[in-house]
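Hi,

Here is the structure I said I would pass on. Have a look at it first, and then read my notes below.

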Amino acid sequence: MDRSLVIGRLGAQLDTAASGADWDGLDLAVRDLPRQLRALAVKGPWSAAERAALQRLRASHDRAAQTGAAAAADLQARMDEMRDNKEGWIAYALAGETEPGEIVQ
């Protein structure tokens, strides 16, 4: 039985979740990956095609990790900027509340 198709589907799940910023889906795919690979591994030695599919899966995993790390870094930068500008945002919000004749909804 050639396991290359199953391995390819695992890589596609990682690629799809990462490229779509589906962090919950990526988390599930990554968490389930060891169990699925162990289940495939018990079926015997890997063929050359299966080893190549595993290398592609590893590349998909690496890309997904890089995508997640980049998104986390972007989020951290946004959070840092918000923290750094917190006093200005509060002052702006308070100034808007005290403007005469303005209705706040």
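The buried residues of α2 pack against α1 (4-19) and α3. Those residues are Leu26, Ala29, Leu33 and Leu40, where buried means under 20% relative accessible area, exposed is over 50% and partly exposed is in between (1.4 Å probe, protein chains only). Helices here are DSSP runs (H or I, at least four residues; strands would be E, at least two), numbered from the N terminus.

Before I go on, the ground rules: this is a predicted model, with local features needing pLDDT of at least 70 and side-chain atom pairs counting only at pLDDT 80 or more, while totals for chains, interfaces and linings use all residues. Residues are numbered from 1 along each chain as its sequence is written, and side-chain values use heavy atoms, with hydrogens and water left out.

Back to α2. This helix covers residues 23-41, 19 in number, and runs 27 Å from its first C-alpha to its last, close to the 27 Å expected at 1.5 Å a residue (the expected span being 1.5 Å times one less than the number of residues). There is still a kink of about 40 degrees at Leu33, shortly before the proline Pro34; the bend is the angle between axes fitted to the seven residues ending at a residue and the seven starting there. Ala29 of this helix touches Gln13 and Leu14, leaving aside neighbours within four places in sequence, with contact meaning heavy atoms within 4.5 Å.

Now the core. The largest nonpolar one has twelve residues: Ile7, Leu10, Leu14, Ala17, Ala18, Leu26, Ala29, Leu33, Leu40, Ala53, Leu57 and Ala64. Two or more residues each come from α1, α2 and α3, and α1 gives the largest share, five. By nonpolar core I mean buried Ala, Val, Leu, Ile, Met, Phe, Trp, Tyr and Cys residues joined through side-chain atoms within 4.5 Å.

One core member to click on is Ala18, which sits in α1 and counts as buried at 7% relative accessibility. Beyond its neighbours within four places in sequence, Ala18 is in contact with Trp23, Leu26, Ala64 and Thr67. Its C-alpha is 35 Å from that of Ile90, 72 residues away along the chain.

Finally, where does Glu50 sit? Glu50 belongs to helix α3 (residues 48-84) and is buried, at 2% relative accessible area. A polar atom of the Glu50 side chain lies 2.8 Å from the backbone nitrogen of Arg3. Apart from neighbours within four places in sequence, Glu50 is in contact with Met1, Asp2, Arg3, Ser4, Ile7 and Pro45.

Cheers

Technical notes: Polar contact = N/O pair within 3.5 Å; in protein donor to acceptor, adjacent residues only side chain to side chain.
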